[in-house]
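Colleague: I would like a close look at a single part of this model, with the neighbouring parts brought in step by step so that a first-year student can follow.

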Amino acid sequence: MLLAGACSPRNEGAPEALVDEALQANARQQAAADQAPRAESTLTLETEAGLYSATTGENLPLPGDFPGDVLLPEDVRITSSTRLGPTMSLGAHSPRSLALVFDEFRQAQRAAGWTEAAVQDDATVRVASFDKADRHLEANFVEEAGGGTTLAVTVGPAPD
């Protein structure tokens with residue numbers, strides 16, 4: 001009886017209306033999914049240089065085996081973590097200005113026993129590298145257009 005009613009001449013537009021409703025509901029659901037925070041994503045590959053692993057997300061935890069003597073600003077949100085053999089890298093964001101984050105990072109590494117090897121102090125991009133025992137640490141800082149600072153921190157064996 002319902003089928004007969006849906007197919008009767010007086011309900012000719014009903015199937016199209018249902019399809020339109022379904023398409024609109026799907027579009028609303030897709031828009032909500034696009035605005036929702038993305039879940040953590042991990043990629044692992046076997047390479048000639050060793051196992052490569054990369055994790056991205058909005059606010060990742062600090063990897064458990066990240067060196068404790070590499071000190072990050074307290075307000076950073078980690079957005080990526082990569083590893084290739086013994087080398088680890090983190091991508092992060094701080095809401096504070098480039099100058100504050102850069103100076104705080106340098107001071108914290110020196111206090112943790114790292115020796116500053118090189119500094120590039122430019123207007124929008126800054127780089128600092130450090131050495132400690134047989135390890136090397138390099139950090140890049142970029143001023144974001146809307147405020148805040150993007151950091152890229154890499155620690156691994158000292159270059160030969």
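Which residue in β6 stands opposite Thr115?

Modeller: Thr115 faces Asp131, which belongs to β6. This is a predicted model, where local features need pLDDT of at least 70, side-chain atom pairs count only at pLDDT 80 or more, and totals for chains, interfaces and linings use all residues. Residues are numbered from 1 along each chain as its sequence is written, and side-chain values use heavy atoms, without hydrogens or water.

The pair Thr115 and Asp131 sits where β5 and β6, the latter covering residues 125–132, run antiparallel and are joined by six bridges (strands pair if DSSP finds at least two bridges between them). To place these two strands in the whole, it helps to know that the chain comes to three helices and eight strands (DSSP runs, of H or I with at least four residues for helices and of E with at least two for strands, numbered from the N terminus). Read along the sequence, two helices come before four strands, and after one further helix there follow another four strands, in the pattern α-α-β-β-β-β-α-β-β-β-β.

The eight strands form an open sheet with antiparallel pairing, and their order across the sheet is β1-β2-β3-β4-β8-β7-β6-β5. Because β5 (115–121) and β1 are the edge strands, each having a single partner strand, one side of each is left without a neighbour in the sheet. Ignoring direction, neighbouring strands of this sheet are turned by 10° against each other on average (angles, from 0 to 180 degrees, are taken between N-to-C directions of lines fitted to C-alpha atoms, for helices over the stretch in contact).

At the edge formed by β1, which covers residues 41–47, seven bridges join this strand to β2 in an antiparallel arrangement, and the hairpin that links β1 to β2 passes through two residues. Within this pairing, Thr44 has Ser53 of β2 as its bridge partner. One step further into the sheet, β2 is in turn joined to β3 by six bridges, again with the two strands running antiparallel, and here Leu60 stands opposite Ile78 of β3.

Returning to β5 and β6, we also meet helix α3, made of residues 98–111, which lies across both of them as well as across β4 (87–94), β7 (135–143) and β8 (149–157), where contact means heavy atoms within 4.5 Å. The direction of α3 makes an angle of about 5° with β6, the strand that holds Asp131 opposite Thr115. For the chain as a whole, among contacts between residues at least 6 apart in sequence, 41% join residues at least 24 apart.
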